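Hi everyone, thanks for coming along. I'd like to walk you through one structure today, a few elements at a time, so please have a look at it while I talk.

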Amino acid sequence: MGTVITVTSGKGGVGKTTSSAALGAALAQTGDSVALVDFDVGLRNLDLVLGAERRVVYDFVNVIQGQAKLSQALIRDKRIDTLHLLAASQTRDKDALTEEGVEAVVNALRKTFDWVICDSPAGIERGALLAMRHADMAIVVTNPEVSSVRDSDRIIGLLDARTIKAENGESMEKHVLITRYDPARAARGDMLAIDDVLEILSLPLIGIVPESPSVLKASNLGLPVVLADPSSDSARAYADAAKRIKGESIEMAVPSVKKSLFGGLFRRAA
């Protein structure tokens, strides 16, 4: 049986979809089978990040409503054979996701794939609650900003109350993924320090993804950053996070301010 992971946060724009795609691709690169499931009905973007928008014939809602088989709706990635996508519907609203239907689809995927990654919409509405409902593990994505961290704290409360595991009296494995971290801004006090984020959320850290143009460029190309620019700091951060998800002990790399060689020479000359 595979492991179901919800990638969630309280605030939009923190990088959930980008992170879902990158972590899924990184796990699939190790040979594990991965299903990425887009729960953002009406505003789907995971297919764009994976470059599969023109290949969507059937979607999550079609499967739930019996209009297509799960095997028909799953899209195999053209670059990694073990990576698959179940896209969200663009034309339906979130009420089309029923609890019974989601349970049936997630359980079927759990039997087939090593990892089922649920890309949650932002907030605490129906789609987000269903994306976390059947999870075994949660990756809480947050930017090092007060509003983002506060909203993530609210999501952690829901993970501890509104999931199957919580209702059965079990604890869910939860981790924080900090995205868009800028060490220069952190040093100036313009964003929260890593330790401050962890103190507020009280969860173990799974990774720190630095602010980088390579992430945006990769998304525009329809590629997870681990495929588009594997040598970039962001890609390495996601690859290391994927290894930690699998239980490997990987030293945490904290992005630091990169000093300019010429700037250093000028300062010494002055």
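**A walk through the model**

Let's begin with helix 6, which is mostly covered: seven of its eight residues are buried. A quick word before I go on: what you see is a predicted model. The buried residues of helix 6 are Gly127, Ala128, Leu129, Leu130, Ala131, Met132 and Arg133. And what do these buried residues pack against? Their partners are strand 1, helix 5 (99-112), strand 5 (115-119), helix 7 and helix 8. At the start of helix 6 there is a polar detail to look at: the backbone nitrogen of glycine 127 has a side-chain oxygen of glutamate 125 within 2.9 Å.

Now to helix 7, which runs over residues 146-159. With 14 residues at 1.5 Å each, helix 7 should span 20 Å, and its end C-alpha atoms are indeed 20 Å apart, so the two agree. Its buried residues are Ser148, Val149, Ser152, Ile155, Ile156, Leu158 and Leu159. Looking down the axis of helix 7, you find these buried residues within an arc of 160°, which means that they line one face of the helix. On the other side of helix 7, Val146 and Arg150 are exposed. The buried residues of helix 7 are covered by several elements, including strand 1 (3-8), helix 6 (126-133), strand 6 (137-142), helix 8 (164-167), strand 7 (173-181) and helix 10 (194-201).

Helix 8 has come up with both of those helices, and lysine 165 lies in it. Is lysine 165 buried or exposed? Its relative accessibility is 18%, and because the cut-off for buried is under 20%, lysine 165 counts as buried. Beyond its neighbours within four places in sequence, lysine 165 is in contact with Ala135, Asp136, Glu170, Ser171 and Met172.

Helix 5, another partner of helix 6, holds threonine 112. This threonine 112 is exposed, at a relative accessible area of 57%. A polar atom of the threonine 112 side chain lies 3.2 Å from the backbone oxygen of alanine 108.

From there, let's jump to serine 232. Threonine 112 and serine 232 are 120 residues apart in sequence, and their C-alpha atoms are 32 Å apart in space. Where is serine 232 placed? You'll find serine 232 in the loop between helix 12 (225-228) and helix 13 (233-245). At 10% relative accessibility, serine 232 counts as buried. A polar atom of its side chain is 3.2 Å from the backbone nitrogen of alanine 235. Setting aside neighbours within four places in sequence, serine 232 is in contact with Ser214 and Val225.

One more loop residue, if you'll bear with me. Glutamine 90 sits in the loop between strand 4 (83-86) and helix 5. Although glutamine 90 and aspartate 40 are 50 residues apart in sequence, their C-alpha atoms are 8.7 Å apart in space. Not counting residues up to four places away in sequence, glutamine 90 touches Gly42 and Arg44.

Let's finish with the largest pocket, which holds about 600 Å³ of space. Of the 29 residues that line this pocket, Gly13, Val14, Gly15, Lys16 and Thr18 are the closest to its centre. Which elements each supply at least two residues of the lining? They are helix 1 (16-29), helix 2 (46-49), strand 7, strand 8 (205-210) and helix 11 (213-221). You may remember strand 7 as part of the cover over helix 7.

That's my tour, thank you all for listening!

Notes
Residues are numbered from 1 along each chain as its sequence is written. This is a predicted model: local features need pLDDT of at least 70, side-chain atom pairs count only at pLDDT 80 or more; totals for chains, interfaces and linings use all residues. Side-chain values use heavy atoms; hydrogens and water are left out. Helices (H or I, at least four residues) and strands (E, at least two) are DSSP runs, numbered from the N terminus. The expected span of a helix is 1.5 Å times one less than its number of residues. Buried means under 20% relative accessible area, exposed over 50%, partly exposed in between (1.4 Å probe, protein chains only). The arc is that of the directions from the helix axis to the C-beta atoms. Contact means heavy atoms within 4.5 Å. A polar contact is a pair of N or O atoms within 3.5 Å; within protein, one must be able to donate a hydrogen and the other to accept it, and residues adjacent in sequence count only if both atoms are side-chain atoms. On a 1 Å grid over the protein atoms alone, a cavity is a set of points where a 1.4 Å probe fits but cannot get out, and a pocket is an open set with protein on both sides within 12 Å along at least five of seven lines; lining residues have an atom within 4 Å of a point. Grid points are joined across faces, edges and corners, and a volume is the space filled by probe spheres set on the points.
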